[in-house]
Amino acid sequence: MSHGPALSFPDRPYITWTYEDGEGNTIKRDNTQDFLKAANQMYKVIKCYLEEDESMNIDSQDDMPPEKLKLIENALKQFKDENGEERHKQWLKWISQGKFNFDPVELKFLAHGKGSWKEIARGKAVASPMSSDLITYHYDESFITSDWKYFHDALKTYRLDIIRDVLPKYGICVA
């Protein structure tokens with residue numbers, strides 16, 4: 001089964017759910033445990049980065065300390081709003097309150113609009129002289145060194161690295 005028929009169940013970290021696979025087997029999913037495993041893997045990737053391990057051998061890294069994983073588990077279980085943006089706000093609030101055993105940090109994230117990386121990089125939309133239905137953006141040299149462009153370049157590079165270098169180590173080929 002692909003993600004589509006499962007609706008939003010895989011996106012909600014606080015639920016346990018089941019589905020029937022193509023062979024008629026009932027499959028039980030515990031999203032909290034799946035998200036914790038993913039958090040542990042991200043922890044290992046960050047450790048590789050900090051240790052300048054360019055091979056990204058995450059299997060050689062220690063797991064996240066259990067007390068830190070428990071803090072994340074508590075958050076995953078407590079943040080139950082179906083709206084992902086609201087859950088995001090709850091994470092930011094806990095981070096600002098220092099609930100994850102590091103100093104409190106005020107993080108701001110604007111996905112779009114005034115002050116967002118996207119608007120800073122692209123500038124303001126201007127009506128196109130060719131059609132009232134079209135908008136354009138005037139190119140500025142600062143676009144090349146913008147956070148928005150760097151972020152999207154990094155995503156593309158990361159995706160390629162995963163497909164080309166990491167997945168084949170586990171016998172997975174993406175064509």
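The lining of the second largest pocket in this predicted model splits into twelve nonpolar, four polar and five charged residues. That pocket takes up about 580 Å³, and 21 residues line it, with Val45, Met56, Tyr158, Ile162 and Val166 sitting closest to its centre. Two helices, helix 1 and helix 5 (147-166), each put at least two residues into this lining. Helix 5 has the largest share, at nine residues.

Met56 deserves a second look. Besides being one of the residues closest to the centre of the second largest pocket, Met56 has a positive phi, near 50°, without being a glycine. For context, most residues other than glycine have a negative phi. Met56 belongs to the loop between helix 1 and helix 2. Its relative accessible area is 31%, which falls between the 20% and 50% cut-offs, so Met56 counts as partly exposed.

Asn101 shows a positive phi as well, about 65°, and again the residue is not a glycine. The loop that holds Asn101 joins helix 3 and helix 4 (117-122). With a relative accessible area of 55%, Asn101 is exposed, because the exposed class begins over 50%.

Turning to the largest pocket, its space comes to about 910 Å³. Its lining has 22 residues, and those nearest the centre are Ala39, Met42, Ile72, Trp91 and Ile95. Helix 1 (31-50), helix 2 (66-78) and helix 3 (84-96) are the elements that contribute two or more residues here. Helix 1 leads with eight residues. Sorted by class, this lining comes out as 16 nonpolar, two polar and four charged residues. Helix 1 thus turns up in both stories: it gives the most to the lining of the largest pocket, and it also supplies at least two residues of the lining of the second largest one.

Helix 1 also contains Asn31. This asparagine is buried, with just 2% relative accessibility, the cut-off for that class being under 20%. Once neighbours within four places in sequence are set aside, the contacts of Asn31 are Phe9, Pro10, Asp11, Arg12, Pro13, Ile15 and Trp17.

What about the cysteines and disulfides? The structure has zero disulfides. Cys48 is buried, at a relative accessible area of 0%, whereas Cys173 is exposed, at 72% relative accessibility.

Stepping back to the whole protein chain, its secondary structure consists of five helices and four strands. Read from the N terminus, the order of these elements is β-β-α-α-α-α-β-β-α. The radius of gyration is 21 Å, well over the 16 Å that the globule rule gives for 175 residues, so the chain is more spread out than a compact globule. Along the principal axes, the C-alpha trace covers about 60 × 45 × 35 Å. Burial comes to 18% of the 175 residues. As for contacts with a separation of 6 or more, 27% of them link residues 24 or more positions apart.

Terms used. Residues are numbered from 1 along each chain as its sequence is written. This is a predicted model: local features need pLDDT of at least 70, side-chain atom pairs count only at pLDDT 80 or more; totals for chains, interfaces and linings use all residues. Side-chain values use heavy atoms; hydrogens and water are left out. On a 1 Å grid over the protein atoms alone, a cavity is a set of points where a 1.4 Å probe fits but cannot get out, and a pocket is an open set with protein on both sides within 12 Å along at least five of seven lines; lining residues have an atom within 4 Å of a point. Grid points are joined across faces, edges and corners, and a volume is the space filled by probe spheres set on the points. Ala, Val, Leu, Ile, Met, Phe, Trp, Tyr, Cys and Pro count as nonpolar, Asp, Glu, Lys and Arg as charged, and the others, Gly among them, as polar. A disulfide is a pair of cysteine sulfur atoms within 2.5 Å. Buried means under 20% relative accessible area, exposed over 50%, partly exposed in between (1.4 Å probe, protein chains only). Contact means heavy atoms within 4.5 Å. The radius of gyration is taken over C-alpha atoms; the globule rule is 2.2 Å times the number of residues to the power 0.38.
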